[in-house]
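Grab a coffee and work through these exercises with the model open beside you. Try each task on your own before you read the solution.

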Amino acid sequence: MPEGGLGRTKINIMEKVIRTKVKDLLKTQPGVQVLAKGWVRTKRGNKNVNFIALNDGSTINNIQIVVDVAAFDAELLKKITTGACIAARGQLVPSMGSGQAVEIQASEIEVYGEADPQVYPLQKKGHSLEYLREIAHLRPRTNTFGAVLRIRHAMAFAIHNYFNNKGFVYLHTPLITASDCEGAGQMFQVTTLDLDKLPRTAEGAIDYAEDFFGKRTSLTVSGQLEGELGAMALGEIYTFGPTFRAENSNTPRHLAEFWMIEPEMAFYDVHDNMDLAEDFIKYLVSYALEHCADDLKFLNDMYDKELISRLESVVKTDFVRLTYTEGIKILEESGEKFEFPVYWGVDLQSEHERYLVEKHFGRPVILTDYPKDIKAFYMKQNEDGKTVRGMDVLFPKIGEIIGGSERESSLEKLNARIDELGMGRESLEWYLDTRRFGSAPHSGFGLGFERLLLFVTGMANIRDVIPFPRTPKNAEY
Ligand code: 4AD
Ligand code: MG
């Protein structure tokens with residue numbers, strides 16, 4: 001290994017000490033020379049001895065560096081302030097203080113980057129989440145965002161693990177598309193046309209033949225339609241990628257750019273679909289409890305004293321399953337005053353979903369068989385002619401976390417629905433080929449990744465579980 005390669009810069013030429021991550025240092029037996037690198041969280045002490053709490057992002061916990069003031073240049077120590085980046089070498093010794101088993105008795109310190117205390121925005125005191133949103137480029141340096149981002153990573157990893165173990169194929173669906181999967185018209189248009197000089201057809205309409213793709217295109221709202229093509233060939237697939245919705249909802253549960261996981265399975269009916277959804281969420285929550293214990297404990301102590309017990313309880317309880325019609329009946333008979341009135345046919349609001357989950361049942365709920373008019377065109381039509389085989393998973397504090405359905409596999413019925421909705425079949429012929437050739441019963445769903453993270457981290461605002469949130473009037477960084 002060349003000297004200084006792979007970030008393993010040595011701070012002392014004579015002794016080849018390699019950097020150890022804080023997470024590993026805290027598990028190391030004392031009595032060895034070590035090298036730590038990271039950002040200073042705090043420095044305290046007196047004229048004889050300083051204590052530096054150093055964090056490198058590998059864990060919520062800090063390593064304490066003990067500095068014998070007399071042994072160091074006073075100018076160097078002055079530069080070690082909250083936010084500065086340093087390397088510290090020394091002996092790992094048992095810690096006298098409480099809170100940590102080991103600490104570093106520093107023999108050498110190098111300051112990589114100072115952080116002027118007059119202007120560095122993250123000082124020792126806790127900052128509000130609202131304030132941190134305004135400095136989203138620096139908030140990963142806080143304990144809270146370190147925890148959230150490590151949990152986000154662990155969940156992404158666990159998702160791939162889950163499906164890989166089950167033999168699902170990870171299918172990459174396009175981000176740029178010419179179809180509106182959900183039919184909700186909330187798409188961000190993608191164009192290279194000059195907006196000041198739009199080409200026009202003879203009739204005066206915008207001439208998309210001149211556009212980059214030769215037709216009107218947008219960012220995808222869902223990878224499902226392409227996912228179905230995958231399932232009709234590979235059996236079981238999943239997608240996991242960003243999706244985009246230009247819905248002007250400034251709520252704590254909506255993003256304009258969010259990540260979605262969409263499994264799609266041949267030969268699954270709606271019940272198999274529900275079984276998979278429930279098992280999947282339980283796996284992810286158990287994974288977090290097992291692998292993110294330190295971070296969850298921090299969030300539990302700081303923000304939400306019931307977080308860990310809520311997570312544990314979800315893993316153990318069966319989700320309630322009932323039809324939309326039964327759900328509406330419960331809401332109508334509840335005597336509760338809702339902001340949005342309840343009647344059969346209404347698209348449920350989050351207040352309704354949360355009433356069912358939090359007040360009525362006290363556990364997650366899966367609602368099925370929704371009125372066809374509030375659901376997308378592709379859902380399997382029931383015999384009653386009024387409802388479709390949709391299924392939404394509703395969670396405490398969040399409302400809808402998963403939306404899915406069994407798909408309409410009959411070409412005839414699907415065509416009829418597309419016509420009924422006035423959608424135009426031409427742009428969907430490729431999709432309809434799945435029904436034309438070798439059609440099969442199949443199902444799938446979409447899990448909103450950030451909604452899952454809201455549940456797992458206990459954060460209350462979706463802007464706080466994604467590194468760089470995109471919301472109406474905000475595309476900072
Ligand atoms: O219910 P939705 O719209 O379903 C679909 O897109 C289907 N094509 C999925 C499928 O069957 N393959 O969205 C699925 C999930 C929601 O339940 C929610 O968790 C999340 O995506 N979601 C959002 N998350 C954050 N911000 C938004 N604006 C979201 N819109 C939907
Ligand atoms: Mg939905």
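**Exercise 1. Find which strand gives the most to the shell around ligand 1.**

Solution. Keep in mind that you're looking at a predicted model.

Step 1: Pick out the strands that each supply at least two residues of the shell; these are E11 (257-266), E15 (399-406) and E16 (442-448).

Step 2: Compare what they give. E15 comes out on top, with five residues.

Step 3: Put that against the whole shell. Ligand 1 is surrounded by 25 residues, and the closest are Glu182, Gln224, Glu247, Glu262 and Glu400.

**Exercise 2. Track down polar atoms of Leu255, Phe445 and Tyr378 around nitrogen atoms of ligand 1, and say whether each belongs to backbone or side chain.**

Solution. Step 1: Begin with the backbone. Leu255 puts a polar backbone atom 3.0 Å from a nitrogen atom of ligand 1. For Phe445, a backbone N or O atom lies 3.4 Å from a ligand nitrogen.

Step 2: Now go to the side chain. Tyr378 has a polar side-chain atom 3.5 Å from a nitrogen atom of the ligand.

Step 3: Check how much of the ligand is covered. On its own, ligand 1 has 630 Å² of accessible area, and the protein covers 93% of that. As for where the ligand is, look in the largest pocket: ligand 1 sits there.

**Exercise 3. Work out the strand order of the five-stranded barrel, then walk through its pairings.**

Solution. Step 1: Trace the ring. The order is E1-E2-E3-E5-E4, closed into a barrel, with mixed pairing. From one strand to the next, the twist averages 55 degrees.

Step 2: Start at E1 and E2. A hairpin of three residues joins this pair. E1 and E2 run antiparallel, with six bridges between them, and Lys43 stands opposite Ile52 in E2.

Step 3: Move on to E2 (residues 49-55) and E3 (residues 63-68). This pair is also antiparallel, again over six bridges. Val49 has Asp68 in E3 as its bridge partner.

Step 4: Go back to E1 (residues 33-45) and look at its pairing with E4 (residues 85-94). Here you'll find seven bridges in the antiparallel sense, and Ala36 is partnered by Ala88 in E4.

**Exercise 4. Why is one side of E7 and of E8 left without a neighbour in the sheet?**

Solution. Step 1: Write down the order of this open sheet. Three strands line up as E7-E9-E8, and the pairing is antiparallel.

Step 2: Look at the ends. E7 (176-177) and E8 (189-190) stand at the edges and each has a single partner strand, so one side of each has no neighbour in the sheet.

Step 3: Check one of the pairings. E8 and E9 (residues 217-219) run antiparallel and are joined by two bridges. Within that pair, Gln189 stands opposite Ser218 in E9.

Key. Residues are numbered from 1 along each chain as its sequence is written. Chains are lettered from A and ligands numbered from 1 in the order in which they are written. This is a predicted model: local features need pLDDT of at least 70, side-chain atom pairs count only at pLDDT 80 or more; totals for chains, interfaces and linings use all residues. Side-chain values use heavy atoms; hydrogens and water are left out. Two strands pair if DSSP finds at least two bridges between them. Helices (H or I, at least four residues) and strands (E, at least two) are DSSP runs, numbered from the N terminus. Axes are lines fitted to C-alpha atoms, for helices over the stretch in contact, and angles run from 0 to 180 degrees between N-to-C directions. A residue is near a molecule or strand if one of its heavy atoms lies within 4 Å of it. A polar contact is a pair of N or O atoms within 3.5 Å; within protein, one must be able to donate a hydrogen and the other to accept it, and residues adjacent in sequence count only if both atoms are side-chain atoms. Accessible areas come from the Shrake-Rupley method with a 1.4 Å probe; for residues, only the protein chains shown count as cover. On a 1 Å grid over the protein atoms alone, a cavity is a set of points where a 1.4 Å probe fits but cannot get out, and a pocket is an open set with protein on both sides within 12 Å along at least five of seven lines; lining residues have an atom within 4 Å of a point. A molecule sits in a cavity or pocket if more than half of its atoms lie within 2 Å of its grid points.
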